[in-house]
Amino acid sequence: MIRQPSRHCTVKLQAVPARIGHVRRIVSAQLRYWRLDALIDPAALGVTELLANVHRHARPSKECVVELCVLLDQLTVSVHDEDPRLPRIRVADSWDTCGRGLPLIAALSESWGMRPDGSGKVVWFTLPALTTAPEEACTVRDYPDPLPMENTGTTSGPRPGIRGTKVG
């Protein structure tokens, strides 16, 4: 039985360094409230990277909206900003001090992408979420033959593989 089929939270802010830490704490508190503690670290890291990109690249304004949405078994974290330019993925050299944000998002998320949105854009990522209360989760499935993981190089669809479920 699904007790809360969807949960939603938005935060509007200026993406400046002092506010990014504040939003990270809001995201952590909201996920704790939803009892999604296991998602706090990857969600906070992902939102930090997306907000740092807005701070560094968005024009003319640093104003943006962070949105958290849990629908069934998935948390989607998105950042909407007013700059219509879509991010470009690049390979950072070992001595570069930037250019690792989107590859990091791809590595920590189940899926991610970007799309134009009105006069701006949205960059988003998803994480698997257990939406039933721990006492309602009956079993944890064991998959003896895991599917091979492969890097397809795409940025908009789910990555192949098996999602684990943590109970408790």
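**Close-ups of a three-helix, five-strand chain**

α1 and α2 cross in a right-handed way. This comes from a predicted model, as do all the views below.

**View 1. Helix α1 lies against helix α2**. Helix α1 covers residues 17-33, and its axis sits 9 Å from that of α2, at an angle of about 150 degrees. That angle is over 145 degrees, so α1 counts as roughly antiparallel to α2. On the α1 side, the residues in the contact are Pro-17, Ile-20, Val-23, Arg-24, Val-27, Ser-28, Leu-31 and Arg-32. Across from them, α2 brings in Ile-40, Ala-43, Ala-44, Val-47, Thr-48, Leu-51, Ala-52 and His-55. Sorted by type, this contact has eleven nonpolar residues, three polar ones and two charged ones.

**View 2. Helix α2 also packs against helix α3**. Here the axes are 10 Å apart and the angle is about 155 degrees. This pair, too, is therefore roughly antiparallel, but the crossing of α2 and α3 is left-handed. From α2, the residues involved are Pro-42, Leu-45, Gly-46, Glu-49, Leu-50 and Asn-53. They meet Gly-101, Leu-102, Leu-104, Ile-105 and Leu-108 of α3. The tally for this contact is seven nonpolar, three polar and one charged.

**View 3. Which residues of helix α3 are buried?** In this helix, residues 101-108, they are Gly-101, Leu-102, Ile-105 and Leu-108. Looking down the α3 axis, the buried residues fall within an arc of 130 degrees, so they line one face of the helix. What do the buried residues of α3 pack against? Their partners are α2 (40-57) plus two strands, β4 (111-117) and β5 (120-128).

**View 4. His-55 of helix α2 and its contacts**. With 34% relative accessibility, His-55 counts as partly exposed. Leaving aside residues up to four places away in sequence, His-55 touches Ala-15, Val-16, Pro-17 and Lys-62. Take Val-16: it is 39 residues from His-55 along the chain, yet their C-alpha atoms are separated by 5.8 Å.

**View 5. A cis peptide bond between Arg-59 and Pro-60**. Omega for this bond is about 5 degrees. Pro-60 belongs to the loop that runs between α2 and β2 (63-71).

**View 6. Positive phi at Arg-35 and Leu-72, neither of them a glycine**. Arg-35 has a phi near 60 degrees and sits in the loop between α1 and α2. Is Arg-35 buried or exposed? Its relative accessible area is 66%, which makes Arg-35 exposed. For Leu-72, phi is about 55 degrees, and the residue is in the loop between β2 and β3 (74-81). Leu-72 counts as partly exposed, at 43% relative accessibility.

**View 7. Stepping back to the protein chain**. Going along the sequence, the three helices and five strands come in the order β-α-α-β-β-α-β-β. Of the 168 residues in the chain, 35% are buried. Among contacts with a separation of 6 or more, 65% link residues 24 or more positions apart.

Key
Residues numbered from 1 in each chain as written. Predicted model: local features only at pLDDT ≥ 70, side-chain atom pairs only at ≥ 80, totals over all residues. Heavy atoms only, no water. Buried < 20%, exposed > 50% of the residue type's maximum accessible area, 1.4 Å probe, protein only. Helix = DSSP H or I, 4+ residues; strand = E, 2+ residues; numbered from the N terminus. Arc of directions from axis to C-beta. Contact = heavy atoms within 4.5 Å. Axes fitted to C-alpha atoms, helices over the stretch in contact; angles between N-to-C directions. Parallel < 35°, antiparallel > 145°, perpendicular 65-115°, else oblique. Left-handed = near helix turned anticlockwise from the far one by under 90°. Nonpolar A, V, L, I, M, F, W, Y, C, P; charged D, E, K, R; others polar.
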